[in-house]
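Here are some quick notes to read alongside the structure. Have a look at it first, then work through the points below.

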Number of protein chains: 6
Amino acid sequence: VDFIAGMNTVCGNGSPLQQSGMAIHIYTATASMRDRVFANGDAEMLILPDLGAIRVFTEFGILQVSPGEFALIPKGIKFRVDLLEGQARGFMAENFGLPYRLPELGLIGAHGLANAGDFQAPVAAYEDQNTPVQLVHKYAGNLWETQLPATPLDVVAWRGNLTPYKYDMYRFEAMGTATWDHPDPSIFCALSSPGDVVAGGNSDLLVIPPRWIVAERSFRPPGFHRNTVAEFAAVLEGFWGPPEGGFGAGSFLLHNNWVSHGPDTKTLELFRQIELTPMKAGGLMFMFESRYPMQVTRYGHEVPGLHPDPAAPWQDFVKKFPGK
Amino acid sequence: VDFIAGMNTVCGNGSPLQQSGMAIHIYTATASMRDRVFANGDAEMLILPDLGAIRVFTEFGILQVSPGEFALIPKGIKFRVDLLEGQARGFMAENFGLPYRLPELGLIGAHGLANAGDFQAPVAAYEDQNTPVQLVHKYAGNLWETQLPATPLDVVAWRGNLTPYKYDMYRFEAMGTATWDHPDPSIFCALSSPGDVVAGGNSDLLVIPPRWIVAERSFRPPGFHRNTVAEFAAVLEGFWGPPEGGFGAGSFLLHNNWVSHGPDTKTLELFRQIELTPMKAGGLMFMFESRYPMQVTRYGHEVPGLHPDPAAPWQDFVKKFPGK
Amino acid sequence: VDFIAGMNTVCGNGSPLQQSGMAIHIYTATASMRDRVFANGDAEMLILPDLGAIRVFTEFGILQVSPGEFALIPKGIKFRVDLLEGQARGFMAENFGLPYRLPELGLIGAHGLANAGDFQAPVAAYEDQNTPVQLVHKYAGNLWETQLPATPLDVVAWRGNLTPYKYDMYRFEAMGTATWDHPDPSIFCALSSPGDVVAGGNSDLLVIPPRWIVAERSFRPPGFHRNTVAEFAAVLEGFWGPPEGGFGAGSFLLHNNWVSHGPDTKTLELFRQIELTPMKAGGLMFMFESRYPMQVTRYGHEVPGLHPDPAAPWQDFVKKFPGK
Amino acid sequence: VDFIAGMNTVCGNGSPLQQSGMAIHIYTATASMRDRVFANGDAEMLILPDLGAIRVFTEFGILQVSPGEFALIPKGIKFRVDLLEGQARGFMAENFGLPYRLPELGLIGAHGLANAGDFQAPVAAYEDQNTPVQLVHKYAGNLWETQLPATPLDVVAWRGNLTPYKYDMYRFEAMGTATWDHPDPSIFCALSSPGDVVAGGNSDLLVIPPRWIVAERSFRPPGFHRNTVAEFAAVLEGFWGPPEGGFGAGSFLLHNNWVSHGPDTKTLELFRQIELTPMKAGGLMFMFESRYPMQVTRYGHEVPGLHPDPAAPWQDFVKKFPGK
Amino acid sequence: VDFIAGMNTVCGNGSPLQQSGMAIHIYTATASMRDRVFANGDAEMLILPDLGAIRVFTEFGILQVSPGEFALIPKGIKFRVDLLEGQARGFMAENFGLPYRLPELGLIGAHGLANAGDFQAPVAAYEDQNTPVQLVHKYAGNLWETQLPATPLDVVAWRGNLTPYKYDMYRFEAMGTATWDHPDPSIFCALSSPGDVVAGGNSDLLVIPPRWIVAERSFRPPGFHRNTVAEFAAVLEGFWGPPEGGFGAGSFLLHNNWVSHGPDTKTLELFRQIELTPMKAGGLMFMFESRYPMQVTRYGHEVPGLHPDPAAPWQDFVKKFPGK
Amino acid sequence: VDFIAGMNTVCGNGSPLQQSGMAIHIYTATASMRDRVFANGDAEMLILPDLGAIRVFTEFGILQVSPGEFALIPKGIKFRVDLLEGQARGFMAENFGLPYRLPELGLIGAHGLANAGDFQAPVAAYEDQNTPVQLVHKYAGNLWETQLPATPLDVVAWRGNLTPYKYDMYRFEAMGTATWDHPDPSIFCALSSPGDVVAGGNSDLLVIPPRWIVAERSFRPPGFHRNTVAEFAAVLEGFWGPPEGGFGAGSFLLHNNWVSHGPDTKTLELFRQIELTPMKAGGLMFMFESRYPMQVTRYGHEVPGLHPDPAAPWQDFVKKFPGK
């Protein structure tokens, strides 16, 4: 099973025919792509491994991507994924909308969050190989295949600014409050595919790296809330959630638009009483936010390891009314 | 000496005739304004006391302003300043350009920095008094005076959104890096009078409150640098600078555009060696940034308490070249 | 039959999955919602009663809404509708696009049309009730239901600016020509959900209150015309149309994009000859304009009281060619 | 005395060197320009006669301009003014900023105010004359002159969209409230030279033609107020002000930024008691609004016919406090 | 077979219900439209004849359109097409998005490409005819028909700026490099229906007239490339392609988004060796570019004269690796 | 005489205090800058040699600049100019406004004119030298000097995007008409310091390299015209003007705003009769365009080699009226 054969779709919205929305997939591969290349005419692809480093051989050169890094392949670019370890697993997002770009930092200033200088484009590399290669081309929502007489990964040099790239998420310069309160998740935005001004983006990638939390006079976790956007969160390293019962690398969860969510009962009680000294939060998570409702596939509804009772951690909640 | 009579101009740029730029003044008053009111047709006025609370009686009602707070009086609004303590001293900035507004927070999200909900407009209040009052009106760079038969502070109710307001700078929700590096000063922006996109604003007010500093793998103070804008900084509470030899409340300093500046020698050496655990920085400072060169008045050049040798703290600097 | 059960869809366009377009419904209720609450994750809802005052108990507090007023419930907010009279009937619009906002007034100035100061947000109010409540949630075009152990209308205080509100349409400050000609209907715009610049909005609400008509040297009604947008108009109070044969409160009509329409024969002849002195037009109407073609439901095609021959009032039209 | 020789400057702001601001002049001519032409490299010129029709022979053709009309000559265009009656008097404004354009009508719709179709560009016309002509060229604030061997008004045809034009102000489609309240003066905007978003335009021309006033539940004249902009108003036909003691054609007045103004005592009392039936306001006025303070020339301070006591009409004002 | 009956759809994207995208049709008519008129409520229509002049009688007047010209009929306008020769054939594009407009020329300056002055609107013309006429109305993707008692082409005069127009493509002022390199096809843009900033327009019309090609130090044809947009190209006069085996008037080809394309083998070899003196390229082509993938109809897949082996001209390509 | 001492100002506009406008200088140097460095806090500096290559040693590294190239030094950056030949002469422009940027290419596409890839930033370079250096700092229109204990050109590495750069103007990819007519000079724009939308830029640099001219059915040179902007043109290589009597490298001319200009009599007659085959224009010119009037210095009025009678080449002009 290679990177293409081992791809399962979890959820998505919009359409490549309208060039809006996104889809989220999980890949689990046990073999390199052999004599085949892939190109996606519908979407740029963001690959976030959580298990096993991979080598992405593109028309522009080679990107080696390990857990903790992500790679982006622009629309229409041919590439092949080779495994560098026995297996590979991770997330792949298709963005049907405007290409991901660095968001405007605004008052954050000339640097911060994902700094442009930390993105890495490949050096040109090529194969000189003349045996037939299968090209799988995704276009208008379908996969098409054809045989090429030789590898198309034969570009000896290139110039321009539409290029594959990779980024080490541990270099993310996260910001946070230095005084009090809990900032909005937008403060973790690494890449943005813009949508409308008010209603949220087409697709934003948020990176949540190890960081200090220092808020005083505040409830530090996010309170109960509803969001205007759909949120898909996943753990790449470490744990998320309460000290016991949290989720490890490869876990993910979806909160669709306007669904109420917030800290589970144990987390709630813990942070109501905790002393507000500086604390270092570990682990590495990412989150996709999209303004459009996510529609979940059958695979998504039946994914192996599905939580048997996702509402359980909130069951012991004691009504605090009035005023407890 | 009342608020108007005790006003001295330190520096400024632009012009009220062109409606761009700003001026910075220091007021030192020992008496309330008696039978006179002031209105400024050239500029909105930002008042930042560093000594002595004052009561500003405006056409819209009363603002009581203590050190740690600032008040804003819009263009053309009549008001009187009364002293609530034996003396009053502080800074007053005239903004000749577009009115100060809350800056776009961008990725910082729906709240943070100076939150709209923390600004306080006065409740309507009026005087019913029929003795003559002197009106001093600043217009086109000059002061004009006339006698009014009765107080103009006789407005019994009002509706609208151009109003005087005050703000407690200790409520400022400062942001900072939660990981590494030293963010740009724009991250402290409380109010902005916008100018051109690239070259900096007409006048921005930055508030630097007590806050946590947690950056790892970083030199924590600002390094040596030159700015595209002029910076006027002042201390409202506590100390600024090195542990010894710093400056107290009422101190101020000006770095004009492109002037090199950075930590003095002692601060430099201290932070090269300090252990990078979370530390809490105290005090309250503010800073004005303006894209236009500040021209300093004679008063500014001869202000009482002028530092006798401002370059002294950098004199012991040892060249670290190559590689020490 | 409560507010939810008595809802019938007349027409609509766009889709909540794409977050564009709108739908128009008619509600006819004879009972309050008992032990159930509703939330709409697809759309904000605009409620315009034409018969019977209602009480809308929301998470933010209570809005009492009578004919002549409208209420807006933002996306995702839970609420319940109680009847204050024996029955309730009116219009409900779902807006799938950007939230309604006050339009830019432009040259009209700092006030006019629907003034911000006339919109009323509720004071916080809550229930302390612990019996089960059914939650009906509209999401992605479907209705979902679940049981909650207690009322969710238990919010004791709130802060922010996404709030339900109501507005008394008799406070609308309508503008019109003071000289000659017939202005475009946009001059009645109360709320706007913006779309593209040229092709018309996603959904605009127009309010047409009692007003003076003074145009000289003009044919005062709208002449025959085709619009780039679809128009749904309804009468809330008084009559619309010719002195005889007009339509009363609760009537509505739809002119889809580019459909020719204009004054019926009697109105045409009346206004060709009427003396152009100031006249006061009475009644209260509203209109929705949307750039997208309205698709009419079966209910809309078979609505009780459907006009048997809508073209009849134009049948007696006499061709005035050449030059009569 | 021809059009150029008889020009007196009343007030102005900004500078042609900076291409912002405007100047307002009065011309009084008793002769046509003979063997001389004028071109203004600093400003486009707006000519508003209040006495005597003129013929403006431009490089693009001939504009005949009577009181009630205005003409605009773009920057740098050569022209000559001939008198069509024994004398000519009127206003001339120089606009140093962006060219006047039709303002965006916004919600007013696709037509209204000054309709594009009512502006008249000249048909090409030329002279074939070979005697010397004096060219007076205004540039960088100075007048320069040279001799040309023949008339430069020899253009036999032209194509383009930078053209002189004229407009009949009685065709202005004024808007006003159809219900209640007193709209802002921006609703009379005919032409706009834009400036900054918030602080008012560089120069706006407002036209106030005969019109119906129908506001109910309102004080119909403008109340006492202060403006963010300077206002220069003038009467072109009829009277302005109270029924007795008003001002006739050729009168003008200046309210600089933030100067309090409002109805004189008689007008105030009249409109506090008047019955609010529709009334037709006659006469023709225009107004210039500019964001920059107007500086008045010596001529402006000593203009013949200067009002001996401009504050007199407000002297009898009786304080209405509390509650009379 | 008249213009309506002889219409076949080749490909399209988007939807009139969403007001985005476009469709491309081919018409082949042998008769004038007799007693019927057409109006399109879904799209403006661009008609580009390649065979036989036609007369388009619209509500605004008559446009006579010959091969080499195109005509545009706005949304919702009624018209009839008469043949001026024995047969008529050509292309018709429906634009569901924002109306075509002249693109911003930017640095190209105040003129160039399709100059506004070369577009021709009709003079008003009307029929006075009282026999029944069939109206075919396209709306929401369907054709509807009704009988009118008399011709609707009875408009005796009109005013406004939404009008049918025509344009002679031989007047197109094409730009090109005057030095080296091969500019992007956008340099041929005649009309644009804008879409998103980055991802390409909703629909752009490019005109490629006879022109000089002078690039030095360059490979003059477009190299092999992939486009972010779909391209539909057609020949209106002359030939396209290699000296032998090119395509004549009426030919068309579609390159969907991201499909690799470039010069066939013969053209490649020719231009690798040709001497780079100025050469005049003849013929007249047009191209539609659209950001959305084009979906091809059955007619499009089976169109008479379909190329039996479109990849054949590239078959003899000799791999030039390394370095031949 | 070094680069600083040999600087003469020709003309300018605006002001560094207002950060708008520009100044144009000529430098003539016979020696390298010895023990002194310069920094300009008022303006970025554009250096265009016409005689003698120079080496610019900046804080970022070394730029070697020969005639045919230009260099840009950002505001506030310290540098030294060394001569690489016996003498050096050229133009230097100060830009007080927004930094020069590459203009938007618009329809020209993703490449053309000055391509980003052809600009060259220096590799970091430094001096390790400890003898005193004079720093000359231009700020607020004045030159200030101080002694530094050692060279400030001691930066061993840098990162960022505000950097000095150079550009070879022979790489400029000039565009032109491929059919007919004479495009506007904006088509030669290499760098732009933007100003207002309509009235022209603060300062644009135009590059006019050797290029093909192929316009048919056209008068190929610019006709007589007046510009909204001031134009300063200079010859860097070859000749400008008529075949005899043209101007060589180092020549320059100024056409202020709205001054009529066009081809001299000989050029006019030549191009009225020339056969319109492709022709190659040689030489290298540049042009500055600025919206503000240029004020000429005494040096500019008395510059050595001033043309004794600049109007002479137009003296023989024969009036062609009517119709010759």
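1. Let's start with salt bridges between chain F and chain D: the rule finds one across this interface. Keep in mind that this is a predicted model. The partners are Arg226(F) and Glu59(D), whose side chains meet at 2.5 Å, N to O.

2. Polar contacts come next. Six residue pairs, both members at pLDDT 80 or more, are in polar contact across the interface of chain F and chain D. On the side of chain F that touches chain D, you'll find eight nonpolar residues, five polar ones and four charged ones.

3. How many residues of chain F are in contact with chain D? It's 17, and they touch 22 residues of chain D.

4. Now for the area. About 1600 Å² is buried between chain F and chain D, and carbon and sulfur atoms give 53% of that. Three residues are worth picking out on the chain F side: Arg226(F), Trp258(F) and Phe321(F) supply 39% of the area that chain F buries against chain D, more than any other three residues. Arg226(F) is also the chain F partner in the salt bridge with Glu59(D).

5. Finally, how do the two copies relate? Chain F superposes on chain D after a rotation of 120 degrees, with 0.0 Å of shift along the axis and an RMSD of 0.0 Å. The two are therefore related as by a three-fold rotation axis. The copies use different surfaces, as 6% of the contact residues of chain F recur in chain D. If you want to find the axis from chain F, look for Gln18(F): its C-alpha comes closest of the residues of that chain, at 5.8 Å.

Technical notes. Residues numbered from 1 in each chain as written. Chains lettered and ligands numbered in written order. Predicted model: local features only at pLDDT ≥ 70, side-chain atom pairs only at ≥ 80, totals over all residues. Heavy atoms only, no water. Least-squares fit on C-alpha atoms with pLDDT ≥ 70 in both. Contact = heavy atoms within 4.5 Å. Buried area = accessible area lost by both parts, 1.4 Å probe. Salt bridge = Lys/Arg side-chain N within 4 Å of Asp/Glu carboxyl O. Polar contact = N/O pair within 3.5 Å; in protein donor to acceptor, adjacent residues only side chain to side chain. Nonpolar A, V, L, I, M, F, W, Y, C, P; charged D, E, K, R; others polar.
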